[in-house]
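Thank you all for coming; I would like to use these few minutes to walk through one structure, with the empty spaces as the thread. Please have the viewer open, since I will be naming residues as I go.

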Amino acid sequence: MALERDKHAAERARLTLGEGELGELYRRMVLIRRFEDKVAEMYSRGKITGFCHLYAGEEGVAVGAIYALYDKDYVVSTYREHGHCLAKGASARSVMAELFGKVTGLSRGHGGSMHLFDQTVRFMGGYAIVGGGLPLAVGLGLSCQYKEEPEVVCCFFGDGALPQGAFHESLNIASLWKLPVIFICENNFYGMGTMVQNAVSQEELYHFAESYKMPGVRVDGQDVLEVYAAVTEAATRAREGDGPSLIEAVTYRYRGHSMSDPAEYRSKREERIWQERDPIKNLRRRMMQANPGAEARLETIDREVSEVIDDAVRFADESPEPGLEELGKYVYSSEQE
Amino acid sequence: MEATYLKAINQALHEEMRRDDNVFVMGEDVGELGGAFKVTEGLLEAFGEDRVIDTPISETLIVGAGIGAAVLGMRPVLEMQFGDFISCAFDQIVNTAATLRYRHGGQASCPLVLRAPSGAGVHGALFHSQNPEAWFTRVPGLKVVAPATPYDAKGLLKSAVRDDNPVIYFEHKRLYRSIKEDLPEGDFTVPIGPAELRLEGRDLSIITYGGTLHQSLDAARIVEKEGGLKVEVLDLRTLLPLDREAILATARKTGKVLIVHEDRLTGGIGGEVAAIIAEHAFDYLDGPIRRVCALDAHTAFSPPLEEYILPNTNKIVEAIRELAAY
């Protein structure tokens, strides 16, 4: 099938995007990085508790993919979803407040880090059961198809979801019914501490697409433009009624699986190599090569993002916790709210 | 017009699909074949394949995709071909559907119906005879119903389709063609929640639902004929939420309670009903709360063994006599 990896795709994407658009990609990635770094800091200070999975290092995938969508398209994600949620347009304030467990959070503090959801920006949820979001994405696609609406669904999941039955059931039917779903596998090589080659019989994950008769491609997830280009193509296909695609974005999480995982199963050398391939540095370098004068603008973005994050933390910190009377609310939709 | 239990379900589907374009049916062989039991017969011809969707054997996907469609305002009626297969979709039901609204602070609803043909007595053996309702009746966010009559089968299904929450609808296979009832013309619903008093009495209460309602009524008639005992029979109809007021009212009225269900004894919903009564109507009781349920065993294929495992009219009669004499 088509959608072979095109090594020049990223460079072509750079040429088609204006400096303002590239700046926006940069801004979103920096926003996620700073957000996650701040979350780690707040976690160590006890402001955020529970299970918390950070996205630092993988920003190129969420940002590149979601930038290729329209605002009205849908996104489904995993438990490592702060980045997708922010990239889709949720406010840093409401995401941070949710992580703090505050009533001003996206889910009013009832969901926490792993269950973000923002209907207003069509971020249709992080799912804390591995593979659990894929069938739901198929249902969103089914609804779009039934209502003859032009939206597409972008469904993120990790390499750890491939051995799940839900992956097979979802890709099989999405292809059979030609649903407008883009499956994006973030292959960061580890399902918690288990290496992908010890978990999946075919570790070149994009090859699974062949079994489902859909296009499959492996892209460099550390290159936001390459992701953007691949998802642009997949979204066009989906929108035109040509069905789903599987995109394997090879990437790396800088931290452990969760805040409690020191990632001792990885070597320092491996981590260093990936840090050198950082998606933010990559784009910055590319933009500077094209226009050395861009630096001032990028520094302005850095400064603005820092202010947004500081403001989000202040907001979360000062927000109240949900009252105990909130507990019975939202369980059934007829409840008085 | 007279309708069987099966026909009543079929009518409800036809009428709800006609009423609302967002209602669609999805499941294994529900379209061309009209379902393994012919419950969905005629729907494909009436509404077309966009709204009567045959799926491969993928229960996780059926429920998960139903949830996705429901979040966007569709009203899926999903079929588990046999209620036993619901276990394949367990995660999507209890983790995704049941928690969806709460998890997101009330931002979205999940209006779906999951139909699950359940129950034994049809020699279906271990994987085609189960009554899995109690796996779900302890999950906030779900509603669970189990109609016992054609009228309730139709009315409860219509209510379930119109409800904004995920509703699991257990329909008893043995009742499909074995019971008939005159149904009123035109639209009617049966609300989710209230139990229904099927027989008024004063000496003893049977609390039951689903397939064992009919055995309970038969048993009540037998003991009345032989000794004049007046047994009250309460049909729960909805298992989540339970109608606590109706349960307590009948317990307080007669002071003796026999709980009957086809699900297994241990961990069955009868335990919860007994606990509600023990907590809130203890002073009214004149005897121990008794239960007639399936034995804590797998549903055997061997017909005598299956008969031995399941509740039946004789076992209920026996239990009534013992409890009445207490």
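I will begin with the enclosed cavities, go on to the domains and the chain contact, and end with the open pocket and some local details.

Before anything else, please keep in mind that this is a predicted model, and that everything I quote has been computed from it.

Let me start with the enclosed space. Rolling a probe the size of a water molecule over the atoms shows where empty space is left. When the whole structure is searched in this way, three cavities of 30 Å³ or more turn up, and the largest of them has a volume of about 90 Å³. Its lining includes B:S118, B:N131, B:E133, B:A146 and B:F170, and, further along the chain, B:Y209, B:G210, B:G211, B:T212 and B:E262 belong to the lining as well. Which element gives the most to this lining? That is strand β7 of chain B, residues 167–172, with three residues. If we sort the lining of the largest cavity by class, we find three nonpolar, six polar and three charged residues.

One of the lining residues, B:E171, deserves a second look, since B:E171 also forms a salt bridge with B:R115, in which the closest N and O atoms are 2.7 Å apart. This pair links distant parts of the chain, with B:R115 in strand β5 (residues 113–118) and B:E171 in strand β7 of chain B, 56 residues apart. For context, the search over all chains finds 46 salt bridges.

The largest cavity also leads us to the domains. Chain B is divided into domain 1, residues 2–182, and domain 2, residues 196–324, and the lining of the largest cavity draws at least three residues from each of them. How far apart are the C-alpha centres of these two domains of chain B? They lie 26 Å apart. In terms of contact, 29 residues of domain 1 meet 25 residues of domain 2, and the area buried between the two domains is about 2100 Å², with carbon and sulfur atoms giving 55% of it. Three salt bridges are counted between domain 1 and domain 2 of chain B. Elsewhere on my list is the salt bridge in which the side chains of B:R237 and B:D152 meet, at 3.1 Å from N to O.

Turning to the second largest cavity, we have about 40 Å³ of space, and here the lining takes in A:V331 together with residues of chain B, among them B:A97, B:A98, B:L100, B:R101 and B:C110. This lining divides into six nonpolar, three polar and two charged residues.

With both chains represented there, the contact between them is the natural next topic. It takes 40 residues from chain A and 44 residues from chain B, and the two chains bury about 3300 Å² between them, 64% of it on carbon and sulfur atoms. A:Y146, A:Y332 and A:S333 supply 20% of the area that chain A buries against chain B, which is more than any other three residues. How many salt bridges are counted between chain A and chain B? The count is zero.

Now to the open space. The largest pocket has a volume of about 400 Å³ and is lined by 28 residues, of which A:Y79, A:V130, A:G158, A:G160 and A:H257 lie nearest its centre. In chain A, α6 (133–146), β3 (153–158) and β5 (190–191) each supply at least two residues of this lining, and β3 of chain A gives the most, with three. By class, the lining of the largest pocket divides into twelve nonpolar, twelve polar and four charged residues.

I will close with two points of backbone geometry, which you may like to find in the viewer. In chain B, a cis peptide bond joins B:L240 and B:P241, with omega at about 0°, and B:P241 is placed in the loop between β12 (238–240) and α8 (244–254) of that chain. In chain A, A:K213 has a positive phi of about 50° although it is not a glycine, and A:K213 lies in the loop between α8 (208–211) and β7 (216–220) of chain A.

Conventions:
Residues numbered from 1 in each chain as written. Chains lettered and ligands numbered in written order. Predicted model: local features only at pLDDT ≥ 70, side-chain atom pairs only at ≥ 80, totals over all residues. Heavy atoms only, no water. 1 Å grid on protein atoms, 1.4 Å probe; cavity = no way out; pocket = protein on both sides within 12 Å on 5 of 7 lines; lining within 4 Å. Points joined across faces, edges and corners; volume = space filled by probe spheres on them. Helix = DSSP H or I, 4+ residues; strand = E, 2+ residues; numbered from the N terminus. Nonpolar A, V, L, I, M, F, W, Y, C, P; charged D, E, K, R; others polar. Domains from an automatic or database assignment. Contact = heavy atoms within 4.5 Å. Buried area = accessible area lost by both parts, 1.4 Å probe. Salt bridge = Lys/Arg side-chain N within 4 Å of Asp/Glu carboxyl O.
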